[in-house]
Amino acid sequence: MNRVLKAQGVTKRFAGITALDEVTMEIDEGERVGLIGPNGAGKTTFFNCLLGVLQTDGGTVEIAGRDVTGAPAYRRAKAGIGRTFQRIELFPDCTVRDHLVIAERIRRGDGRLWKDIIGLGRPRPAEVARCDEVLELLGLVELAEEPIERLSLGQGRLVEVGRALMTEPKLLLLDEPSSGLDRSETTALAKTLEEVQSTQGFAILLVEHDVELVTSFTTRSYVLDFGRLIAQGPTREVMASSEVRDAYLGNFEVAQ
Amino acid sequence: MNQTSVSHDFFQALLQGVPPGAVYALVALGFVLTYKTSGVFNLAFGAQAYVSAAMYFKARVIWEWPTVPSVILAVFVMAPLIGLILERLIFRPLRTAPAVARLVVAAGLAVAIPYLFDILADFTAVAGVTPVGVVPDGANVFYDPFGVYAYSRNELVSMGVALVAMAGLVALFRFSAIGVRMRAVVESPKMTELNGIPADRVSALSWALSSLFAGVAGVLIAPRFNTLAAADFFSLMVVAIAAAAVGRLTSLPKAMAGGLLLGIIIAQLNTFLPRWSDDHAWVSTIQDNLTPSVPFVVLFGVVVLVPSIRRSRETGDPLAGVEPPPPSLGGEVRDPRRALITRLIGFAALGVVAIVVLARGDQLWVFLVTQAVVIGIIFLSITVITGMAGQISLCQGTFAAIGAFTVFQLVDRYNLSVLMAALIGAAVAAVVGAVLSLPIRKLGGIWTAIATLAFAYFFDAVLVKLSWIGGGDSALLQGTAVPRPVIGPWDLADDKYYLVFASVILIVVAMVVLQLRKGTFGRTLVALRGSEVGAESIGISAGRARLVAFAVSAFIAGLGGALLAIQQENVNYGTNFVPFTALFWVVIVVTLGSRTVRGALNAAASFAVFDQLILKGTVFAWILRSPTAIPDFFPISGKWVYVLFGLAAIQFARHPEGLVERPASMPKFITKLVALARPATPAAVPVAVGAGAAGSAPEPDTTPPTGTSAKAAAQPAAPVATAEPAAGDGSPKAAANGGSERPAASSPARTEDAVS
């Protein structure tokens, strides 16, 4: 089993507040892992530290065996992290397919300036075919030519997933994918993700408030509270543990 | 030099630095005031100051009014009135537009306002006539409080006014309710209105006040200049922006201190810089040029090195999410058949123009069309950096000048082949562009514009004067001549051959830009423009992409600059490449469409032939087939070019794709006319400008500019706003607050903002 993520002792401080205190996490190939915790627990901070949006104050991050501590976000993307955003970050002037084509081109890394100049920069049939495969997988084929303004939020999230898949990630980070979606949309999204993941074999780290989604979707979970890991293990056990219930599920008001 | 004389000199330089420092402070205060109370980075502030100064001059000297009524007219009536007009007609509808869009609008106004005033008031500054000051005998009566340095009355009054103004403004913001309201309206007009404060009235008051300030500053600083010229007021304003940047553009006392400090540092440097050696010319050149560069170095340094300045105005309006996003590109997804037809007609018309001009061989027209072609190359560099990369660069004139000067130097010194020199010039410009982009590529938004403006002025104030760049003193005597090359059997000294040559280069560059836009490079930039984090999440390096964009753009500008110098057989830096001219380039390209190659070409055609064709009425002579048939109405002042295109930039905020590419919001017959005439070099101009004048007024836009295409407008868009429940509380608010102007589709990202 290959280790796709190895974060050790990740620490982050903001002006005296320790937002992350020595968080350690390991994820293997093909796993589906959840990261839960009350508001302000440091989930998003941890996410941003993994992605290189924030620089850590301590600890190391390895992606697929490569040390990326201190590397900028785009390097980590190339090392194998794909992600979606809680607030959708799509490209307004592009169609759905364009999103995937760009990602594919960047992954292959052969977008040289001189190739553009002599006219080799346009989407090649092979690239388009590859993108359409993924669109098919996500059920977005009919929308391929649509500008993203006309998509629903749920469809927008799927486009983000598709864009991330084109980078052939080893680890896909999903940042609260259920926010803004209703129950049926969430279920549909989870189902699509499961199908895609089972065919492609990447690992997923899911940051989520929706306990139901985490329980049904992930096999293993980590629980953060006040920047510290307070529990980890199989999701059902974690959810059942009293410590987690106190911090998060049962006594929500107290945790706030 | 003994101890006492050092301290004497120091003290003297200190006192000497205060008056110019007070002038910088005065302008900086006004600038900060505008920024604080309107959120607009008002590049037109210098223009407003110019108008009051010129009005005063007109009333006092030409009409021979007494001082007091002249001041009342110029400062207390004109200045606030302009402010109110700007607020009501231009900036109020743009209150929620992106900062960059408002910056472009302000840049357009910076160009348009002085010329509009000149035309309406029939004002022409006489070169060398020093503007009179407000203070009686201001320049002739001196006071010497410390027995070290004598202040003129003018200087004392400026210093006093700056001090009083700062104290008054600080008190206004700290202690009065209206001051707090002014700031609140900038942060979030909607939120302010929800609190029961009439945002419109507060914002009108803010503009009246800050414009009054521009008037005061204008009248007080006018006596510093030899001639009343809008460009001088503009560059003084850039110096003042450096002072304002010291106070992060928001602190009035720090802006004041920044201004004084600049004045004093410059005076001290002038006094104490050691005269190392007069034997080595280059040492003394550096010494001579160190001090003028100070403000621009400070401005560049602050913008690049102080990250908090960039965040000072980035605080988002908490209710921004209820506003629909700005419309997106119209040109790219428009009906392909229409595009093809217009393109074919365009090429045909271009061909006809070329053949007619070449066949008739009319010298003036060959010159003008060549000018259009060469300027078109330079303008394509703006298409790359602004249209594709989404960065406002105000130093394209500098890149072009680097190309031109390189040709001049290489040919002059090393007798290199002119064409080879032009290519090297473009390459040098590309390298400069790449190096310049290193510190500024992460800035984004208005900060890129400011940093590039500082660089342009640095080049203008310092580098041009160096003998190994601009030719130095020898250039003043001998000029900066550039010869025409000979290619095989064709001697390009013949203007007709040069026109053909330049056209070939233009076509090649245009093809390259088109290819780049469709290739990986263009797509990467589109992604970055859409969402930087999104782009980085798939492995795009924003820094690298912007570096390449700057290099490519600078290469094209450098090539164009070199060709312009070769065409004119002289660099002519002062008329071709100064920052104010380059500012107008950006304005005109952005107005006519920075996102498309055609927009740049239309802009170039307009820039080169508008004056001759329309304002001089030649077009009538053509149509009526008689050179004497030009109506008496013509010629119209050439200043209208600046006014019309400057004002037309206003529509950029709503239609970033440019005037000609605007999809459905134009009246049908204009759309048709434009479609018919578009790329035809001279013929496209009148139509475009007619639409421009119309576009500058607040338009009763009935068609929702969904911003994408005729297709998008035809089908009822299914925006996310209606697709999800949470947006339900977003859209009514938008409607209630005048958002109904743009009931466009909301992007998912924005709607999310409203939700969370």
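Student: What makes β9(A) and β10(A) a hairpin, and which residue in the turn has a positive phi?

Tutor: The model is predicted. In it, two residues lie between β9(A) and β10(A), which form a hairpin. In the turn, A:F226 has a positive phi of about 50°.

Student: How do you know that strand β9 (residues 220-225) of chain A and β10(A) pair, and in which sense?

Tutor: The cut-off is at least two bridges found by DSSP between the strands. Six bridges link β9(A) and β10(A), so the two count as paired. The sense is antiparallel. Two of the facing positions can be named: A:D225 has A:R228 of β10(A) as its bridge partner, and A:Y222 stands opposite A:Q232 in β10(A).

Student: Which open sheet of chain A contains these strands, and why is its pairing called what it is called?

Tutor: The sheet has six strands, ordered β6-β7-β8-β3-β9-β10 (chain A), and the pairing is described as mixed.

Student: What makes β6 (81-83) and β10 (228-234) of chain A the edge strands?

Tutor: Each of the two pairs on one side only. As for the twist, neighbouring strands of this sheet are turned by 20° against each other on average, direction ignored.

Student: What is the order of the open sheet of four strands in chain A, and why is one side of β2 (17-28) left without a neighbour in the sheet?

Tutor: The order is β2-β1-β4-β5 (chain A), with antiparallel pairing. β2(A) and β5 (66-67) of chain A stand at the edges with a single partner strand each, so each has one side with no neighbour in the sheet.

Student: How do you know that β1(A) and β2(A) pair?

Tutor: At least two bridges are needed. β1(A) and β2(A) have eight, in the antiparallel sense, and therefore meet the criterion. One facing position is A:L5, opposite A:I27 in β2(A). These two strands also form a hairpin with two residues between them, and A:A15 in the turn has a positive phi of about 40°.

Student: How many bridges does strand β1 (residues 3-14) of chain A have to strand β4 (residues 58-63) of chain A?

Tutor: There are five, again in the antiparallel sense. With a threshold of at least two, this therefore counts as a pair. A:T11 has A:G58 in β4(A) as its bridge partner.

Student: Why are α6(A) and α7(A) called roughly parallel?

Tutor: The axes of helix α6 (residues 153-166) of chain A and α7(A) cross at roughly 15° and come within 10 Å. Angles under 35 degrees count as roughly parallel, which makes α6(A) roughly parallel to α7(A). Their crossing is right-handed.

Student: Which residues of α6(A) and α7(A) meet?

Tutor: From α6(A) come A:G154, A:R157, A:L158, A:V161 and A:L165; from α7(A) come A:E185, A:L189, A:T192, A:L193 and A:V196. By class, the contact has six nonpolar, two polar and two charged residues.

Student: What are the domains of chain A, and how many residues of each are in contact?

Tutor: Domain 1 covers 1-80 + 171-256 and domain 2 covers 89-168. Their centres, taken over C-alpha atoms, are 26 Å apart. 10 residues of domain 1 of chain A contact 11 residues of domain 2 of chain A. On the domain 1 side, helix α7 (residues 183-200) of chain A supplies the largest share, five residues. That side divides into seven nonpolar, two polar and one charged.

Student: Why do α14(B) and α24(B) get the name they get for their relative direction?

Tutor: The axes of α14(B) and helix α24 (residues 579-592) of chain B cross at roughly 70° and come within 10 Å. The range 65 to 115 counts as roughly perpendicular, and α14(B) and α24(B) are therefore roughly perpendicular to each other. The contact joins B:F379, B:I382 and B:T386 of α14(B) to B:W585, B:V586, B:V589 and B:V590 of α24(B). Its residues are six nonpolar, one polar and no charged.

Student: How do you know the relative direction of α14(B) and α19(B)?

Tutor: The axes of helix α14 (residues 363-388) of chain B and helix α19 (residues 495-518) of chain B come within 9 Å and cross at roughly 15°. The limit is under 35 degrees, and α14(B) and α19(B) are therefore roughly parallel to each other. The crossing is left-handed. This contact has 17 nonpolar, five polar and three charged residues.

How values were computed: Residues numbered from 1 in each chain as written. Chains lettered and ligands numbered in written order. Predicted model: local features only at pLDDT ≥ 70, side-chain atom pairs only at ≥ 80, totals over all residues. Axes fitted to C-alpha atoms, helices over the stretch in contact; angles between N-to-C directions. Parallel < 35°, antiparallel > 145°, perpendicular 65-115°, else oblique. Left-handed = near helix turned anticlockwise from the far one by under 90°. Nonpolar A, V, L, I, M, F, W, Y, C, P; charged D, E, K, R; others polar. Domains from an automatic or database assignment. Contact = placed C-beta atoms within 7 Å.
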